[in-house]
Amino acid sequence: MKFKSLLLALAMTGAALPAGAETPVKIGMITTLSGPGGYLGQDIRDAFKLAIDMEDGKLGGVPVELIVEDDSLKPGQGKQIADRLMKNDGVKLFTGIVFSNVAGATVPDIVDSGAVYVSPNAAPSNFAGKECHRNYFVVSWQNDSLHESAGQNATNLGYKRAFILAPNYQAGKDALAGFKRYFKGEIVGEVYTRLDQTDFAAEMAQIRAADPDVVFQFHPGGLGIAFLRQYQQAGLTGKIPMVLAAPSMDHVTLNAVGEAALGVNVSSHWNADLDNPANKTFMDAWQKAYNRPATYYASQGYDTALLIASALRQTGGKLDDIEAFNAALAKADFQSVRGAFKFGPNQHPVQDWRALRVEKDGDKLVLKTVGTIFTDHGDAYAEQCKL
Amino acid sequence: MTLLLEQLLNGLQFGVMLFLLAAGLTLIFGIMGVINLAHGSLYMIGAYAAAIAAERTGSFLVAVPAGLAAAGLAGMAMEYLVIRRLYARDHLDQVLATFALILFFNQTVTLLFGRQPLFVSIPPALNGSIEILPELAYPVYRLAIIAVGLAVAVGLYLLINRTRIGMLVRAGATHRDMVRALGVDVRLLYTAVFGLGALLAGLAGLMAGPILAVQVGMGEQILIMTFVVVVIGGVGSIRGAFFGALIVGVVDTLLRAFLPGLLRQLTTGPEADALGAGLSSMGIYLLMAVVLLVRPKGLFIANA
C-alpha cells in the first residue's frame, strides 16, 4: 500500500512538472545519407536542422532533440531503426524517409505503434488511399502528383507521342501511372529500369528506335544525372525533348549535367525563385548556413520542420495526446516556402504545381518558373481514404 | 537489326567493364584464396581520383594515371595492412574484414568529398558519336572502352601465359606451397597480384566516371554483378572472367532491351512491363544457377 502511494506521489510530481520544459521533444529522423541517394537525405536533414537552429534549438518554442539515423536505402534497416528509437529512446515523432521502398517497410510500424510520422518526401500510393492513417502526414506530395503535373505539362506543351521510363519500384510505378493519368497523347514505349542501374545504354537505343515526340523519365538523385548525361552522349539531347518531374532535375542534377539540361521542361511544387516571404527567409538562411544550391528536398525538410513546429506550439510540446497533436498538424498552420498549402482528407498536401524550364542566366544554368500547371491540386487516392 | 547490333555493342561494352573488375577479383581469389568484398571500393577510388584530377587540371590525360595510381596504391596498401593477415583465416573472417573496408572507404570518401556525385566530362577527342554502319551511330567513348577492355584482355593473356611473372602466378594458384619451397617470395608476389587487380578495378572506375555518376557506393552496385561473372566463369580463371563477363554483359543488356517487348506481345496489360523488368533483372542470376547446375565449378576451371 505504502509502495503504491509512493508511486502515485511520484507520478503526481512528475505530472506537476511543466512537461517538455526541461526534456526536449525527441524527433526521430530516419533518412538516406549514404549511397547515390545520399545527398537527398542530407538536404532534408540540413534544412530541418536549419529550421531548429533558426529558433535556437527549438521548434514552435519547444526545445527539440533531433536524432538522425541513416537507413542506407535499405527497407529492413529503416524498420530496425524505427523499432529501436521507439523502444529504447521513446521517440514518438518521426520524419525523414527519402525513398518509398524504405517508407513502405518502416511507416506502418511507426504509425501502428501509436507514433506520428510526418513525411518530408516519399508518399507511396498505397498509404494515400485505403490504407491512410491518422498518424501519417505528408508534407511533400503524393508520389503520383509529381508526375501528374509532368503529364499535364507534356499535354500543355502539345506533345503527342511519349516514351516513359522509371525504376521498377513503388515510386517508379506511381510515377508512370501519374504521368499517364494526365498525358493525353499516346505512350509509344514504357520501360522499367532497375533501381540500382546506372548504365542506360540499352534504354537509349530503345528510345532512339521508338522515335517519340517527348521522353518522360523519373530517376531520382545520381541515377538522373547518369541518365541525362548518357542521353546527351547518345546524341538524343536536342533531338528528342524531355519533360521531367522535380526529382529528376533538382539543382544538384542541373549543376552536374550542365549544358545538356538546357531547355528541359520541369514541373515542381517549389522552386528557388518563388516570390514569397517564407521562401526568401529560407533561401537566405540556407545560403548563409550551407552556401550550396538548395534542392526541393531541402525545401520539404524545412517545411516539415515548420509544420512540426506549428503543432508543437499549439500543444505546448506535449505528445502524450496523439489525437490532439494530429489535429494540430492537420491545421497546417504554417507559412510554406511553396506558397499556398493545406492538407486534403487523406492528410496529403493540396497545393499548386508550377512549370519550370532550364534556362541560362548569364553563364549559369537556372530552373526558372514559367507558368502554373495545376492550382489546389490534391491526389487521386484521397477519395478512398476514410479517416 | 541495327537496334540488335547496337544492343550487342552495349552488352559488349558493359561486359568489358565487368571483365576489368572480375579479372582482379578472380586472380585474388584464385591465387590467394581471399574473398575481397572491398574490390568495388578500389573501383570507386579509381573513379574519384580520376574525377578529381580531371577537375583540377582539366585534362583527361592526367586523370588516367592519377586514377590508376590511386587505385593501385590503395590496393597494395590494403593488401599490406589488412589482407596479408587474413590468408590463413577462413572465408568468414575475410568477408567480415573486407566488408569493414567497404564501410571505411565509403565513409572516408563521404568525409573528404561529400555525398553529392562528381561530374567528369568526356575527353573532347572521344566526344560525340560515329556512324559505324549506316543508321547506326555509336558513342566514340563507349567504343574506346571496348577497345581498352579488349586490349587489357590480350595483355593479361600474354602476361599470364608468356611471362615469368605469369608463370609464378599460375603456379601460385595451384601449388602455393611448392612455389614457396622453391624460394619464390610469395608475399611479394601476392602484393603484386593484388596491386594488379586493384589497377584493373581503378581502370574500370576511371573509365566509368564520364558515363556514370561518380559517387559513394558506386562500387557495391557493380560488385554483385562482378561476383556473378566470377562464379559463371570459374573462380580463379582469367579466361573464365573474360568470357563470363561478356556473357553476363550481353545477356543482361539483351534481356533488358528485348524481354519486356516480347512479353508485351504475349500478354497485354500494364503488368507486362513490370514483369519483364523483374524477369530481366533476374536473368543473370538464373543463368548463374543453370551454369552451376551443369558445370558446378564454372565454365572455365582454373588451370584445368
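This briefing covers the contact between chain B and chain A, the residue Glu6(B), and strand 9 of chain A. The model is predicted, so local features need pLDDT of at least 70 and side-chain atom pairs count only at pLDDT 80 or more, while totals for chains, interfaces and linings use all residues. Residues are numbered from 1 along each chain as its sequence is written, chains are lettered from A in the order in which they are written, and side-chain values use heavy atoms, with hydrogens and water left out.

**Extent of the interface**

- In chain B, 35 residues are in contact with 35 residues of chain A (contact means heavy atoms within 4.5 Å).
- About 3,100 Å² is buried between chain B and chain A, with carbon and sulfur atoms giving 49%; buried area is the accessible area (1.4 Å probe) that two parts lose on being put together, summed over both.
- Arg115(B), Gln116(B) and Arg256(B) supply 23% of the area that chain B buries against chain A, more than any other three residues.

**Polar pairs and contributing elements**

- Between chain B and chain A there are 13 residue pairs in polar contact, both residues being at pLDDT 80 or more. A polar contact is a pair of N or O atoms within 3.5 Å; within protein, one must be able to donate a hydrogen and the other to accept it, and residues adjacent in sequence count only if both atoms are side-chain atoms.
- Helix 11 of chain B gives the most to the side of chain B that touches chain A, with six residues (helices are DSSP runs of H or I with at least four residues, strands runs of E with at least two, numbered from the N terminus).

**Glu6(B)**

- Four salt bridges are found across the interface, a salt bridge being a side-chain nitrogen of Lys or Arg within 4 Å of a carboxyl oxygen of Asp or Glu.
- Glu6(B), in helix 1 of chain B, forms a salt bridge with Arg208(A), the closest N and O atoms being 2.7 Å apart.
- The relative accessible area of Glu6(B) is 7%, and the residue is buried (under 20% relative accessible area, 1.4 Å probe, protein chains only).
- Beyond its neighbours within four places in sequence, Glu6(B) is in contact with Ala205(A), Arg208(A), Leu136(B), Ala137(B) and Tyr138(B).

**Strand 9 of chain A**

- Strand 9 (residues 214-217) of chain A is covered on both faces, with Val214(A) and Phe216(A) buried on one side and Val215(A) and Gln217(A) buried on the other.
- Strand 7 (residues 161-167) of chain A runs parallel to strand 9 of chain A and is joined to it by four bridges; Ile164(A) has Phe216(A) as its bridge partner.
- Strand 10 (residues 242-245) of chain A also pairs with strand 9 of chain A in the parallel sense, over two bridges (pairing requires at least two DSSP bridges), and Met242(A) stands opposite Val215(A).

Terms used:
Buried means under 20% relative accessible area, exposed over 50%, partly exposed in between (1.4 Å probe, protein chains only).
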